Every structure is written in structure tokens, then in C-alpha cells.
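Please load the model in a viewer and keep the selection panel at hand. The tour below proceeds stop by stop, with a selection at each.

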Amino acid sequence: MSSKFQALDSKNILLEVKNVSVSYGKKIAIKNASFSLKEKEILGFIGADGAGKSSTLHAIAGVVSFDGEIIYKNYVYYSPKEAEKIKNEISLMPQGLGLVLYDFLTIKEHFDFFRDLRGLKKAMEYETKLLKMAGLYEFQDRLAVNLSGGMRQKLSLILSLLPRPKLLILDEPTTGVDPISRAELWDIVNEMRNNGMSAIISTAYMSEASKMDRILLFDEGEIIAKGTSEELIADIKDYTYEGEMESKECFSFNKRTYCLNSLSLKKTTPTLEGVFFVNALKKSKKPIIFEIPKKNLQMPEIIVKANCLTKKFGKFIADNCINLEFKKGEILGLLGANGAGKTTLIKMLLGLYPIDKGELYLLNKRIKSYEDRIELKSKIGYVSQKFSLYKDLTIKENLDYFAKMHGLSVNETNKKIKDYSEMLGFSEYLNAFPKEVPLGINQRFSVAAALMHEPVVLFLDEPTSGVDTVARSAFWRLLRKLKENLGISILITTHYMSEAEYCDRVVVLKRGIKIVDDEVEKLHKKYPGLDFEEIFLEIYKEKNEN
Amino acid sequence: MRINVIKAYFKKEVIDLIRNKMIILTYLIPLMILILFGFGIKMEVTHVRTIIIDNDHSKLSLEIINKFSHTKYFDVKVENLTYKEALHKIQTNKADMIIIIPPSFSKNLYKGAQIGVFIDGSFPLRAVTLQGYVEKVLINGFNIKLPIKIENRNFFNESMRDYNAIVPGLFGLIFLVVPASLAAIMIVKEKEVGTIFNFYSAPITKIEFIISKLIPPFLFHSVNIFILLILALYLFDVPFRGNFFIFWIASEIYILISVGIGLLVSIITSTQIAALVLSVVITIIPGFLYSGILMPISSMGKESLIEAHIFPVMYYNHLVYDSFLVGEGFKSGGNILYFFILCAYAVILITLGTLFLKKAIK
Ligand SMILES: Nc1ncnc2c1ncn2[C@@H]1O[C@H](COP(=O)(O)OP(=O)(O)OP(=O)(O)O)[C@@H](O)[C@H]1O
Ligand SMILES: [Mg+2]
């Protein structure tokens, strides 16, 4: 995992970006970005949500107007129109879960479309390789709409590789992609680089970023640091301590604490993630303190009990006889590769999919019919993989809507909106539209929406995918607080294996089968010395051989 | 222009339309409009230009004139004209209706004296409605029998069948509203979902994209020309006297105009629902008003007449009416002119679309 890409063997500059700025109306997305990219180089963009990474990528790909100049090889361009000439050498994968896919086309039809669009010849061997890499080879006749979130992401990714670009631009390509596929993706990108390709890749996974040749750190519309991952990390080693703590002055995440003041804790080697925290501290940002008043909600010991739940789509078995017990006040992590059946399982528990086989008890009640669920609706909160917010409504209007759906009175609603927006730290964004605010804010207000009716259990499907590091750390502190102060039980899926450390227990699915169901501590004892990502890969490998 | 790009989009669009069931609407909506409106249009007629020729000058005749003057339905003028002159007024569209009260009418009433009523028949539905009004006033108010003759100014509809007037008028409405909304939705959908990036980031020209996106709705609706024509001829029994090719080509060009409007709508909207609403709103109103279904273009006031000439509906409808009911075709200079005006509309709209479409995030 930690090995670097093969070192550069070329000094030729492929792309030069000079003083590029992009603005949308009054809002400046990126100001005076300048950098260059060598041939066969892989450049990483990191930075908080809304820091200007996407806008810079869009300017280079010639899909947005910009000020400044960009030179590709010897060709200078100042506008999207002038960039037309080089578009056959560039491939862009925009951010978002499978945004470039057509829901009603199959995987195979997508290949046909993109091949024709670019006027490519069919290259069986290469296409097969891409499909196999993405784990989509067996599913070629499946409609895009029926793919899991991560499968959609991987499909978009291999489609962007189809034209074998000279310059590959990927905007958070691995959001929602499982650790196994992420490793495979890097192999492919590395191989293509050896054949002469360069790439600019933005990512929210710092373990990935540390493998790139060079990294640019974006913050609030500016590039604030450039260098290799070692160089960036070296700058923060004085502020990095071992262990976690709760403090108003310091950030803690993933077994490290970052603080500008010196602490009595032991210093440790930082990771790239620390760059974000130290940067936030230097800008005098403080961790949000979630103040959630203690409450004692009435609930039984066992929240969910599932006996042999099964879901089939035609002949395909998405979930195969899953047994599950989910206890009061527990944070349960649901892990597994893309398409393993996590979302499907959650949707069965929620009654969004009919159950093909098996028994389900929610809050001690056997669930058989739709009517059984209606009663329980008010006890359950759900945030879907895509955050089902209404784009045309402001954040406040969205919350109003959710409250109305659950029959809250106007007074109650207003009080709740006020309380939650303060507690979860988004009160300044209440009148903004979802697309105007960073993903991390959307994520927190989606949780607020799910909490409006005071549920006793929360189902969260990949709430942290694509969310920046600082926001993720805040989010996990929020979940802990919800659990500790309200006693809410939380079932959560994630592809950040480090986040699994914050769960009490994990359930791992593989191809619709439950392969592990154990407490996190016990797994650490079983696999001593490994971090959770390594444990996960180990488990997946073991169960393969059986 | 590269065929592979157009092929890529065409295939994708057809698959998409079929799988998301939009194809059903593409064929169902025109059918429904034609059938519902064809069978069901009813109209209220007001401000009918009425000339009353009073040859009697009795108390009764004055009462009759009064009765007509005091409703919103008739704009009455009393004039002294001969029968021939009066008829000429209808034929030259100076009046919609003439009422002739014969000399000594009130004296001869008990012997069965009759009032002559002549109504402009060029819009049969309106004529029939008018006839009803007049009968109501005269028979209910005065218990007067009357022979009403409906005068056909243009001698279009000698058989006086309503369908003949309404059904061709609906072509201009349907082929303006439906292809425009389909085209607008199909383009805006890409913006809404995000797939528009495939166009932004690939080496495809704007023209290639526009052609690729407009061909499917254009072709799908071309099929509708034939479906609707068959219905008009066999379900509604409308005659077809003109040249089929003129009708067909004019319809294709008109559909092109409509998808061009859809293209423009898609440029200024960003959600499918907004695109649908906007394209329907801007097409349905002129589609109805200036189709000649509600009122004949020739009897419009000056302002609405100018407006009618702004929208392509009137030109197309003229050609359609000619094809169905008259059959002059290109023997009439007017028809040729209208045909070229339609072509100009199509070219202008699509050129504007090409100019305004941005191949970049706005
Ligand atoms: N409606 C459907 N029809 C056919 N197959 C489906 C349908 N919905 C889901 N599937 C398939 O079921 C499998 C499980 O999907 P699911 O969304 O549960 O995966 P997941 O574990 O949530 O993956 P990810 O991590 O990518 O979100 C996938 O192979 C998916 O393609
Ligand atoms: Mg999922």
C-alpha cells in the first residue's frame, strides 16, 4: 500500500497552468492557480470541499470559462472554445456518483456509446481488461440504474480510460469505491502512466494522495502548498501527537491529535490527513463542539433482528440469508466491497425493498406487512447513499418538508430546525441551496433531516463518502454524541476502513454473504499489528480461498 | 460532421426513450389531443359583426334591433343595403352576419312573414353556434320563425362539417407543442443528471451535438404525421384535396421549427420540469390562438393579426387547411410564400440555438 509509483523518468513539461482563475458570478472558485505537469507525472489535488479543485480540473479540461492561460504541449488556450483542439487527448471524469452514466443503458451499451462518441475502434482485449479490473465483467447486461453506487463510480472511471488519453483528469474517482478496487485502479493508472500517460487526480483518500508524485493542497480558492507527500508531512510534524482527546483547541482523528500549542502527549509521525487539521488550526478554526442534551429514549434491548434475510433480482442473489442482530445504543459498521449488498440490506430493513425470504423484527415487532412498518416509521431515521435532498429547496425548506412529512407542528419544526442547525453547526447555511454548500454540510443537514422526528435508530448509507477529512472527523464526533447522549443506535456503511475503528461492531458482506460479524476490538486481537484496512483486505482474501 | 457521433447519440436516445417509457407519451399525447379536441371543442362567440337591414321600420323591427344591440354577442350596425351588397360584405369579410327584415314584416307576421339571416360559414363551428344564438333571440323573444342561410365566404366547407375545420387546425397545435417539449426535456435531462459532461469534455462540435439531439424527436414525430393524417382521414372523415408532398414536407419543416424551439428552451432552463413547463407554455398559447381553431385569422383585430404573423402556426395551418380542404397547393403564390417562411423559421431557430448553446458549464 505504501509503495510509491515508479519514479519519473521524464523531464518534459506536458501542461502548464498560469494564473488560472474561475468564478461563478461573484463567487471565486479558484484564484491564480499556477503549476505544471510533466510527462508521465501523476499530480494529486487535495483540499477541503469547495476549495477549488474541481474548478481547476474543469478549466484544464476546457469545460468552464476561466481567466489566465493554459499551455498543453505547445498549444496555448484561454477558453473552452480554444480547448476544443486538445479534447481528443484529454479525458475527464467529473465528480459525483456516476454522473456521466445513462440510467437506462447497460454497461455494454455505455461502452458502445463512448466508443462511437470518440470514434474509437473496438479493442476487445483492453475493454475486457478494464471491465475485469472494475469487477463489472459479469454484469455487462445490467442497466446502470441497477448498479450499486461504487459500481457506477467504477464504470465512469473505466469509461474515462477507454480513449487511452494522454492526459487523464479524474475528479475524486474513488469516492465510494471499495479498498480492493481502489488498489486495482492505482495499478491500472500506474500501468498507463508507464505507457506515457499523465494524470491529475483529486482525491479525498489521503493514503492514495501520498502515492502520487506531487501534491497540490487547495484551500479556499487558493493553492497553499505544493510538494511530495513527505514534504507536506514534514511541515506538520511538530504539531502531531499520538492518541485522541477531546479538546476545544485541538483536532483528533484516526489515533492522532493535532495541536498548535504543545501538549504533554507523545509526538508521532504525521499522515497526510494531518495537513488539513493543522491548516484549519492555523486559520484559527476550532473543532465544532456538538452540544446535544442528554435524553433517555425508551427502547428495547434489541433494535433489529434479522433471520436469514434474502433478496434476489431475477436470478441474481444480492443478499443471501443474512442474520443480523443490532443492539440498543450500538454503532454497527456494515462493510463490504462494491455490490456486496450493503445498500440492498439496508433497504430491506427499511422496507424500501420487499423481502424475498427471511424474518425481520424491528423493535421487537415482527414485520410482515407494510402496515406493520407504518407504526415504526417514526422510530427510524435514514440517510440514503445519495442524500435524498430536494435541489430546488433551500436547506431550511428541505428540513421543513421532512418535518411536515412526519406531521410535526410548525412551532416544533421551527424549534427543531434552530436547535439542530446550531448543534450540528450549519445555521449559517439555512437559506442556501444544497448545491451551494460543501458536501460535509449537506451530510450534516441530511442527518438533521433524519433526526427531525426523534428516531431511536439511524441508518446511514455511506454518509462520509466524498466528504473532506475535517468534516468527517466532526461527523464521527457527532455520531458518538448522538449515541452517548441520546442512546440512538446507528447502522452505518463506509469505505473508509479507518472509520470502522469508531464502530463498536462490524458486519462484513461479500457477494451477498455475511463473512464476518464481530467486535472491532476482537478483530484487532485476532489480527495483531494491522490497521483496519489491512484487516479488511485480509478477511476478504481469506474468505476467497474458502 | 461525423456520423459516428450522431449514431452514438441516436442509438442511446432511442434505447433511453423506449426503456424509460417516454416513447408511449410521444405517441399517446398527440393522439389524445387530436381525439379529445377533435370531438370535444366547443366555443362561445362574442362581438359578431352584425349588419341589420331594416326595411320595415316598425315598432317590432326596432325592438328586434334593440334586442340584438343589447348583448355582448353582437356588434350591431343598422345599414341600408341591398341583398347583393350585404352578401358582398360577408364575402369580403366586412361582416359576420346579416339580418334582413323585409318590408311590412310586422304586418305580415301573422301570415308567416320571415326574417332572412346570413351567416359567414367559413368557420362552421362558429356559424352553428351563431345560428343558435340568433334563433334563441328571435324565437324565444318574438316567436318568429326564420330561414337562416349560412353563407360560405370561401366555399371551403360546403358540407358544413365541424371536423373539417377543427381537425386540420389541431395539426398546427400538436406539432408545435409536443416535439418542442420532447426535445427540450431530452436535452435538459443531460444537464440535470450530469451526462452533459460527456458532451462538454469530448471532442464533439456544438452542431454535431445539436443534430444528434434533435434527430430523435424529429424522427419520432415524423411518424406522427402519418398517424394523425390517417386518423384525420378515416376517423374524422376529413377530405384531402391537396398535394400530399406539400403537406408532408411542410409538416416536417414545422416539426423542425418545434424542436428548434425546444432547443432554445433547453438552453435557458436547467431542470426537466422547468423545460417542460416553459416549452408547453410558450407553444400552447400561440398554438391555440393562431391556429384558426378559435377564430379565423381573417376576422382578427389588427394587433392580433400582426401577432399571428409572428408565430409560425398561422403559416403552417394555412398550408394544412389548403391541403385538406382547398387543394390549391403551390398554384397559389401565397402558399409558396408561406412554405418558404416556414423554412426560414426552421433555419433561424436552429441557428440561434447553435449560437446560444454553450459548450461549457455556465
Ligand atoms: N434493482 C436492481 N436490479 C438488479 N440488480 C440490482 C438492483 N439493485 C441492486 N442490484 C445489484 O445488487 C448488488 C448489490 O447492490 P448494493 O447497492 O446493495 O451494493 P452495495 O454493497 O451497497 O455497494 P456500494 O458499496 O457500491 O454502494 C449489486 O450487484 C447491484 O448491481
Ligand atoms: Mg451502497
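Two strands are taken to pair if DSSP finds at least two bridges between them. Helices (H or I, at least four residues) and strands (E, at least two) are DSSP runs, numbered from the N terminus. The model is predicted, with local features requiring pLDDT of at least 70 and side-chain atom pairs counting only at pLDDT 80 or more, while totals for chains, interfaces and linings use all residues. Residues are numbered from 1 along each chain as its sequence is written, chains are lettered from A and ligands numbered from 1 in the order in which they are written, and side-chain values use heavy atoms, with hydrogens and water left out.

**Stop 1: the mixed sheet**

Select V457(A), which stands opposite S489(A) in β21(A). The pair belongs to a wider selection: strand β20 (residues 457–461) and strand β21 (residues 489–493) of chain A run parallel and are joined by 5 bridges. Extend the selection to the open sheet of 6 strands, ordered β19-β20-β21-β16-β22-β23 (chain A), whose pairing is mixed. At its edges stand β19 (380–383) and β23 (513–519) of chain A; each has a single partner strand, so one side of each is left without a neighbour in the sheet. On average, neighbouring strands of this sheet are turned by 15° against each other, direction ignored.

Next, add helix α15 (residues 469–486) of chain A, which packs on the sheet and touches β16 (331–336), β20 and β21 of chain A. Contact here means heavy atoms within 4.5 Å. The direction of α15 makes about 150° with that of β21(A). Axes are lines fitted to C-alpha atoms, for helices over the stretch in contact, and angles run from 0 to 180 degrees between N-to-C directions.

**Stop 2: the antiparallel sheet**

Select β11, β13 and β12 of chain A, which in that order form an open sheet of 3 strands with antiparallel pairing. The edge strands are β11 (240–242) and β12 (251–253) of chain A, each pairing on one side only. From one strand to the next, the twist averages 25°. Between β12(A) and strand β13 (residues 256–258) of chain A there are 3 bridges, and F251(A) stands opposite Y258(A) in β13(A). Then show helix α9 (residues 273–282) of chain A, which lies across β12 and β13 of chain A and runs at about 165° to β12(A).

**Stop 3: a pocket**

On a 1 Å grid over the protein atoms alone, a cavity is a set of points where a 1.4 Å probe fits but cannot get out, and a pocket is an open set with protein on both sides within 12 Å along at least five of seven lines; lining residues have an atom within 4 Å of a point. Grid points are joined across faces, edges and corners, and a volume is the space filled by probe spheres set on the points.

Which residues are the closest to the centre of the second largest pocket? Select M206(A), S207(A), R256(A), T271(A) and D531(A), out of 32 lining residues. The space in this pocket is about 990 Å³.

**Stop 4: the largest cavity**

Finally, select L92(A), F114(A), R118(A), S160(A) and N198(B), the closest to the centre of the largest cavity among its 16 lining residues. This cavity holds about 150 Å³ of space. At least two lining residues each come from β6 (90–93), α3 (107–117) and α5 (149–161) of chain A and from α8 (196–201) of chain B.
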